[in-house]
Amino acid sequence: MACVPGASHPPKNAVRRGERKYWLFEAAWAGCLRCVKHFLEVERINSQAAPNYMKLSALDWALYAQEQGQMG
């Protein structure tokens, strides 16, 4: 199934669904370039926006996902 930019990759945590930066991180974890580009270029989410629980950028998170055997 194809992703829908801006609608795919919702955070599992209901509270985080209200903050779009967490959607960006979910898309980065999944390795979905189309959705990552949407969040960065259309929604203009800061690529350096870090989740409250850690200080990693979206790129750092995607690279970490690859190290963990995820798509990233």
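A disulfide is a pair of cysteine sulfur atoms within 2.5 Å, and that cut-off is a handy starting point for the close-ups below. This is a predicted model, in which local features need pLDDT of at least 70, side-chain atom pairs count only at pLDDT 80 or more, and totals for chains, interfaces and linings use all residues. Residues are numbered from 1 along each chain as its sequence is written, and side-chain values use heavy atoms, with hydrogens and water left out.

**View 1. Cysteine sulfurs without a disulfide: C3, C32 and C35.** Searching the whole structure turns up zero disulfides. For C3, the closest cysteine sulfur is that of C32, and at 3.6 Å it is too far for a bond. C32 is in no disulfide either, and its nearest cysteine sulfur, in C35, is 3.5 Å away. As for surroundings, C3 is partly exposed at 23% relative accessibility, while C32 is buried at 11%. Here buried means under 20% relative accessible area, exposed over 50%, and partly exposed in between (1.4 Å probe, protein chains only).

**View 2. H9 and its contacts.** H9 sits in the segment before α1. Helices (H or I, at least four residues) and strands (E, at least two) are DSSP runs, numbered from the N terminus. With a relative accessible area of 16%, H9 is buried. Leaving aside residues up to four places away in sequence, H9 touches three cysteines you met in the previous view, C3, C32 and C35, along with W23, E26, A27 and A30. Contact means heavy atoms within 4.5 Å.

**View 3. The salt bridge of K12 and E26.** The whole structure holds three salt bridges, each a side-chain nitrogen of Lys or Arg within 4 Å of a carboxyl oxygen of Asp or Glu. In this one, the closest N and O atoms of K12 and E26 are 3.8 Å apart. The pair links distant parts of the chain, with K12 in the segment before α1 (20–30) and E26 in helix α1, 14 residues apart. K12 is exposed at 70% relative accessibility, whereas E26 is partly exposed at 24%. E26 may look familiar, as H9 touches this residue too.

**View 4. Salt bridges of R20 and K21.** R20 pairs with E43 in a salt bridge of 2.7 Å, N to O. This pair also links distant parts of the chain: R20 belongs to helix α1 and E43 to the loop between α2 (33–42) and α3 (58–67), 23 residues apart. Both partners are partly exposed, E43 at 29% relative accessibility and R20 at 27%. K21 has a salt bridge with E19, at 3.8 Å from N to O. In that pair, K21 is buried at 17% relative accessibility, while E19 is partly exposed at 33%.

**View 5. The largest pocket and its lining.** The volume of the largest pocket is about 190 Å³. Among its 13 lining residues, A28, V36, A58, L59 and A62 are the closest to its centre. Helices α2 and α3 each supply at least two residues of the lining. By type, the lining has eight nonpolar residues, five polar and no charged.

For this view, a pocket is an open set of points on a 1 Å grid over the protein atoms alone, where a 1.4 Å probe fits, with protein on both sides within 12 Å along at least five of seven lines; lining residues have an atom within 4 Å of a point. Grid points are joined across faces, edges and corners, and the volume is the space filled by probe spheres set on the points. Ala, Val, Leu, Ile, Met, Phe, Trp, Tyr, Cys and Pro count as nonpolar, Asp, Glu, Lys and Arg as charged, and the others, Gly among them, as polar.
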